[in-house]
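Subject: Structure handover and notes

Dear colleague,

I am passing on the structure below, together with my notes on what I found in it. Please read them with the model open beside you.

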Amino acid sequence: MAEEHPRATGRRGPGLTRRGLLKTGGGVAFAGLSIAALKLPMFSVDGAKQDPAKCRATDVSATSQELIVSNWPAYIDPRKKATSTVSVFQDRTGISVQYTDDINDNAEFFAKIKNQMGSCQPIDRDIIIMTDWMAARMVGLGWIQPLDPSGIPNVHKNLIQPLRNRQWDPDLDYHAPWQAGLTGIAYNAAKVPEVRSFEELITRSDLKGRMTLLSEMRDTMAFMLRVVGANPDKFTEAEWGQAIDRLSEVVASGQVRSFTGNEYIQDLAAGNIVACEAWSGDVIQAQFDNPDIKFVTPEEGLSLWADNMMVPNLAVHQANAEEWMNYYYEPEVAAKLVAWVNYICPVEGAREEMEKIDPSLVDNKLIFPDNNDLKDSFDFMPLSDQQSQQYEGEFNDVIAG
């Protein structure tokens, strides 16, 4: 696939596939790190669980200068350029990177690797990049290797505060965010007044039949939980019931035109819809062509998510993988990457480095939000497999009408 800049092509970075389409429901000791001291998530997960202390391979990084990375499409600066982040990493470290963009959907990728990972067989990758909820699921299944903190000092030093202390891995034992984004509201200012809240989005009469919500259960239901007064980070079965019932009422009223992936952005720009639930990265790209497209922080807050680098069981180049993670947490490298992909940069200090690369992006709050901008941000509570299947099934029943 040609690696053109998304600004030039109108591409929205990883786009629809990266944010997901949920339509269905031999080991050695890790030197200096006690697996017993690490905190695996305590929520229940059905499936082929493994013990990452036993399902691990000998790390051959010292003698094999290689690294295999699986990421989402269009989620990195052009790799073939001599000055690209990948080229500089290879030149600096001597590590040859085999980079593939073969992750098109969280559930699809999980289905592709589950038989091997569930039976402690290698998937021939050293780094995989998964969205929070799927990352949590894989960590819960014991499919991910613990990281050596001494190998990723930049991650522990430079990760922005809002992405710390995630419920499923609060101490960064298993993950390092690659990029992050926000779910909020977008509207066309040439068509309608500002939409200030999710409650307005799902009730305002001038938006009836002219607005869309996301087909990603966790994105949409996080806001529905906020609408009924619940906390998406920690909610009860009864609160879930209230939120799904409220969504059912909204759908029955005819307020929602459709539930979409990020094709909503073309409809918004064309005027086919006038407001929608939206992802920040899409809106940034749309604004290059249409400044009337606005992103709003709803009164209910913002949903903050990340796509996360992790080392799968039986990876044989873990030290090389950690060197890659540490490299991308250098502020100058992080700034070069985010100047291309236009998502939220997870690295402290990158904003200052952006002054040298593209000053027009320095004050973009969708790339460099400050802690105050994210003070009301929220995540979605980690779910067991049973909960996930139930909630996705109920959600899909509602959005199918």
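Throughout these notes a residue is called buried if its relative accessible area is under 20% and exposed if that area is over 50%. Please also keep in mind that this is a predicted model.

With that cut-off in hand, L172 is a good place to begin, because its relative accessibility of 5% counts as buried. L172 is found in the loop between α6 (153–158) and β4 (176–188), and its phi is near 60 degrees, a positive value in a residue other than glycine. A second leucine can be described along similar lines: L314, found in the loop between β9 (303–310) and α12 (318–328), has a phi near 70 degrees, again positive in a residue that is not glycine. L314 has a relative accessibility of 12%, and therefore counts as buried.

Positive phi values also turn up at two glycines that follow helices. G142, just after α5, takes a positive phi of about 75 degrees, and G94, just after α3, takes one of about 80 degrees.

The two helices that precede these glycines deserve a closer look. Helix α5 (residues 132–140) has eight of its nine residues buried, so it is largely enclosed by the rest of the structure. Its buried residues are D132, W133, M134, A135, A136, M138, V139 and G140, and they pack against α4 (106–118), β3 (127–131), α8 and β9. In helix α3 (residues 85–93), the buried residues are T85, V86, S87, F89 and T93, and what covers them includes β1 (66–70), β2 (96–100), α12 and α13.

Turning to the aromatic residues, a search of the whole structure finds 17 aromatic pairs. One of them is formed by F235 and F380, whose rings are edge-to-face, with 5.4 Å from centre to centre and 65 degrees between the planes. F235 lies in the loop between α8 (217–227) and α9 (237–252), while F380 lies in the loop between α14 (350–357) and α15 (385–399), so this pair ties together parts of the chain that are 145 residues apart in sequence. F235 and F380 are both buried.

Elsewhere, ring pairs link F89, W178, W324, Y327 and Y328 into a cluster; of these residues, F89 is also among the buried residues of helix α3. A contact of another kind involves R137, which lies over the face of F110 at 3.9 Å from the ring centre.

For helix packing, I looked at α13 and α14. The axes of helix α13 (residues 331–341) and α14 come within 8 Å and cross at roughly 65 degrees, and the crossing in which α13 passes α14 is right-handed. On the α13 side the contact is made by P331, E332, A334, A335, K336, V338 and A339, which meet A350, E353, M354 and I357 in α14. Sorted by class, the residues in this contact comprise eight nonpolar, no polar and three charged ones.

Finally, there are three places where residues separated along the chain can be compared by the distance between their C-alpha atoms. N396, which lies in helix α15, has a relative accessibility of 16% and so counts as buried; its C-alpha atom is separated by 8.1 Å from that of M217, although N396 and M217 are 179 residues apart along the chain. S205, by contrast, is found in the loop between α7 (198–201) and β5 (211–214) and counts as exposed, because its relative accessibility is 67%. The C-alpha atoms of S205 and Q255, 50 residues apart along the chain, are separated by 8.0 Å. The third case is A270, in helix α10 (residues 264–270), which is exposed with a relative accessible area of 53%. A270 and N290 are 20 residues apart in sequence, and their C-alpha atoms are 9.7 Å apart in space.

With best regards

Technical notes: Residues numbered from 1 in each chain as written. Predicted model: local features only at pLDDT ≥ 70, side-chain atom pairs only at ≥ 80, totals over all residues. Heavy atoms only, no water. Phe/Tyr/Trp six-rings, centres within 6.5 Å; stacked < 30°, edge-to-face > 60°. Helix = DSSP H or I, 4+ residues; strand = E, 2+ residues; numbered from the N terminus. Buried < 20%, exposed > 50% of the residue type's maximum accessible area, 1.4 Å probe, protein only. Lys NZ or Arg CZ within 6 Å of the ring centre and 35° of its normal. Axes fitted to C-alpha atoms, helices over the stretch in contact; angles between N-to-C directions. Left-handed = near helix turned anticlockwise from the far one by under 90°. Contact = heavy atoms within 4.5 Å. Nonpolar A, V, L, I, M, F, W, Y, C, P; charged D, E, K, R; others polar.
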